[in-house]
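Q: Please take me through the labels attached to this model. For each one, I'd like to see the value set against its definition.

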Amino acid sequence: MKAAIIGNGFIGNAHRAAFNFLKEEGSNIELVAICDIRPEMLKKNNGERLYTSVDEMLAAETDLDFVCLCLPTYLHAEYAIKLMKAGLNVLCEKPMALNMADCERMIECSKETGKRLMIAQCSRFGKDMIIMKNFIDEGSFGKPVSAFFTAADGKPTWGFENWFANDKLSGSCMLDLQAHTIDLINWYFGVPDGTSTIAKQCAPDFTGYGTISSNLTYKDGLFVHVWCDWGIPKNKHDSRYTRINFEKGYIVRKVGAHAELSAVSYADGSVTDLSDRYRAVKSSYRDEIEYFAKCLASGESFAHCPPEQSKNVVAVMRAQETSADNNGAPVMVEK
């Protein structure tokens, strides 16, 4: 199975490394071409055919099975649709698009052309996140009653023409960094019914909402709090934290200077280390690409990561944005 990467920047590096892992394992999934409009970015390759024009690549590479679309967010809808109309399956980086209308256009194009579309929600392929999902579904601690998610990171200054800094192109931290968190929340608990969100700009050179504090509510009484921030330089404070409270205990995940994944029982205070339940992972991107290719080959649906659920991520974040624009007023999520 032959693939290409369009966009050989920061996230393209992760995809390229994933293909290298697959190649070392003897997989039949092969990266054969890379496209980036910046010639200097094409120096990063492993012998693939190189292009600075998508149209040139499409004309020359007539036997591609799929493309990893690693362009900036504001180009996702345009190029995903272009590629599907050209007869290619598309693994598109997250977030799906800047707005719901573009998400729907992408899904509709997939249906019209018969070409497959999946959004690269890499967190769903992290073994620790899968363990948490299984723990929730097993119900050994009863129902979830509340949850707390944080993601603290530095401003992404590496983007092409500094596109992250323009919220009209990136959606700011609310649509970019937070996309991982919201996707996990939707996956774990379902799409929330509403939100009340406060958000602020994190730096004068980055427009839009760079720090977010949001409550997400559900009809059954569950509530989830989310804090995301782009104002943390990449140092020991760059971290991820999740705590899910259940009727009979809680599970906690920490990623940073010290990693932890543990379940704690309220009954006796016992702590179960869950970290040993998952194998060392070379790359969640590797597992994501392998899954995508497997579904293409078998004709199976993307049950683990359907594009409709990626659209729901954008729906939640746009409801948060509306709430923040109105000083935290409650807003229902469009479903």
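A: Let's begin with N327, which has a relative accessible area of 68% and therefore counts as exposed, since that label asks for over 50% (buried is under 20%, partly exposed in between; 1.4 Å probe, protein chains only). N327 sits in the loop between α10 and β15, and its phi is positive, about 55°, although it is not a glycine. Please keep in mind that this is a predicted model, where local features need pLDDT of at least 70, side-chain atom pairs count only at pLDDT 80 or more, and totals for chains, interfaces and linings use all residues. Residues are numbered from 1 along each chain as its sequence is written, and side-chain values use heavy atoms, with hydrogens and water left out.

Q: What makes E161 count as exposed?

A: The relative accessibility of E161 is 67%, so it passes the cut-off and counts as exposed. E161 lies in the loop between β7 (144-152) and α6 (167-170). Its phi is positive too, at about 55°, although it is not a glycine.

Q: Why does Q320 count as buried?

A: Q320 has 0% relative accessibility, so it meets the condition for buried. Its place is in helix α10 (residues 307-325); helices here are DSSP runs of H or I with at least four residues, strands are runs of E with at least two, and both are numbered from the N terminus.

Q: What makes the link between the side chains of Q320 and Q178 a polar contact?

A: The two side chains are joined at 2.9 Å. The definition asks for a pair of N or O atoms within 3.5 Å; within protein, one must be able to donate a hydrogen and the other to accept it, and residues adjacent in sequence count only if both atoms are side-chain atoms. The 2.9 Å value fits that limit, so the label applies.

Q: How do you know that β8 pairs with strand β9?

A: Pairing takes at least two DSSP bridges between two strands. Strand β8 (residues 194-200) and β9 (residues 211-217) run antiparallel with 7 bridges, so they count as paired. T197 stands opposite S214 in β9. On β15 (residues 331-332), 2 bridges join it to β8, again antiparallel, and T195 faces V331 there.

Q: What makes β4, helix α3 and β5 a right-handed unit?

A: A crossover is right-handed if, with the strands pointing away from the viewer, the path from the first strand over the helix to the second runs clockwise. β4, α3 (residues 76-85) and β5 make a β-α-β unit of that hand. β4 and β5 (residues 89-93) run parallel, joined by 4 bridges, with L69 opposite C92. β1 (residues 2-6) also pairs with β4 in the parallel sense.

Q: Why is the space lined by G171, S172 and M174, among others, called a cavity?

A: On a 1 Å grid over the protein atoms alone, a cavity is a set of points where a 1.4 Å probe fits but cannot get out, and lining residues have an atom within 4 Å of a point. The structure holds 1 cavity of 30 Å³ or more. The volume of the largest cavity is about 30 Å³, meaning the space filled by probe spheres set on points joined across faces, edges and corners. Its lining also includes Y209, M317 and E321, and α7 (172-175) and α10 each supply at least two of the lining residues.

Notes:
On a 1 Å grid over the protein atoms alone, a cavity is a set of points where a 1.4 Å probe fits but cannot get out, and a pocket is an open set with protein on both sides within 12 Å along at least five of seven lines; lining residues have an atom within 4 Å of a point.
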